Amino acid sequence: MSLIAIILTVVATFIAMEFVAWSSHKYIMHGWGWGWHRDHHEPHDNALEKNDLYGLVGAAMSISMFAIGSPLVLGASAWEPGTWIGLGILCYGIIYTLIHDGLIHQRYFRWVPKRGYAKRLVQAHKLHHATVGKEGGVSFGFVVARDPVVLKQELKVQREAGIAVVREALG
């Protein structure tokens, strides 16, 4: 593959991962996979959460693609784009970990942004955590954050329609 094709593959994969993460979060984590995700939405003092198992799923996706692209693993059957897709997934996972676990939930460092896109990311994710339970909710993405004013309005509509139970602080 040419350098341009490699870069485009990594970037396209990274972008696609935000959709994969959004849809997995909305339909799996807040659906049939709630058992792993529930503790992420509830207060606790544990260093690890069952929710962290989803990171292992992402790592397995990346490792699998690296293996598919590796001549050391598959010999002549290796599919080179697999390596670069694996790299795109890995890059997304690193950024996800820094943003979600680090910046938003402050598991690794303490910094509260006062302005800009980092502040918007934190606000959007805090609004995601404003609901009680798995029903309803807003802002299921991790790297793309919609306007918090719009998200608050969506939560209000969900609350009034009986779709979501919103924590008192936002009610």
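**Helix H7, a cavity and Arg167**

Let me start just past the end of a helix. Gly162 comes just after H7 and takes a positive phi of about 80°. Keep in mind that this is a predicted model.

Now back up into H7 itself. The helix covers residues 148-160, so 13 residues. From first C-alpha to last, H7 reaches 18 Å, close to the 18 Å expected at 1.5 Å a residue.

The N-terminal end of H7 has a cap, and the residue is Asp147. A side-chain oxygen of Asp147 sits 3.1 Å from the backbone nitrogen of Val149.

Which residues of H7 are buried? They are Pro148, Leu151, Leu155 and Gln158. Look down the axis of H7: these buried residues fall within an arc of 75°, so they line one face of the helix. The general rule is familiar: an α-helix has 3.6 residues a turn, so residues three or four places apart point the same way.

Turn to the face of H7 that points away from the buried side. Val149 and Glu160 are there, and they are exposed. So what covers the buried residues of H7? The cover includes helix H6, residues 116-128. It also includes two strands, E1 at 131-132 and E2 at 165-166.

H6 comes up again in the next item, the cavity. How many cavities of 30 Å³ or more does the structure hold? One. The largest cavity has a volume of about 50 Å³. Its lining is made up of Ile104, Leu121, Ala124, His125, Ser139, Gly141, Phe142, Val144 and Ala145. H6 gives the most to that lining, with three residues.

Last stop: Arg167. Arg167 lies in the segment after E2. Is Arg167 buried, exposed or partly exposed? Its relative accessibility is 32%, and the partly exposed range runs between 20% and 50%, so Arg167 counts as partly exposed.

Who does Arg167 touch? Set aside neighbours within four places in sequence, and Arg167 is in contact with His41, His129, Ala130, Thr131 and Val132. Two of these contacts come with polar distances. The side chain of Arg167 reaches the backbone oxygen of His41 at 3.2 Å. A polar atom of that Arg167 side chain also lies 3.3 Å from the backbone oxygen of Thr131.

One more distance for Arg167. Leu103 is 64 residues away from Arg167 in sequence. In space, the two are 22 Å apart, C-alpha to C-alpha.

That's the tour. Questions, please.

Conventions: Residues numbered from 1 in each chain as written. Predicted model: local features only at pLDDT ≥ 70, side-chain atom pairs only at ≥ 80, totals over all residues. Heavy atoms only, no water. Helix = DSSP H or I, 4+ residues; strand = E, 2+ residues; numbered from the N terminus. Expected span 1.5 Å × (residues − 1). Buried < 20%, exposed > 50% of the residue type's maximum accessible area, 1.4 Å probe, protein only. Arc of directions from axis to C-beta. Contact = heavy atoms within 4.5 Å. Polar contact = N/O pair within 3.5 Å; in protein donor to acceptor, adjacent residues only side chain to side chain. 1 Å grid on protein atoms, 1.4 Å probe; cavity = no way out; pocket = protein on both sides within 12 Å on 5 of 7 lines; lining within 4 Å. Points joined across faces, edges and corners; volume = space filled by probe spheres on them.
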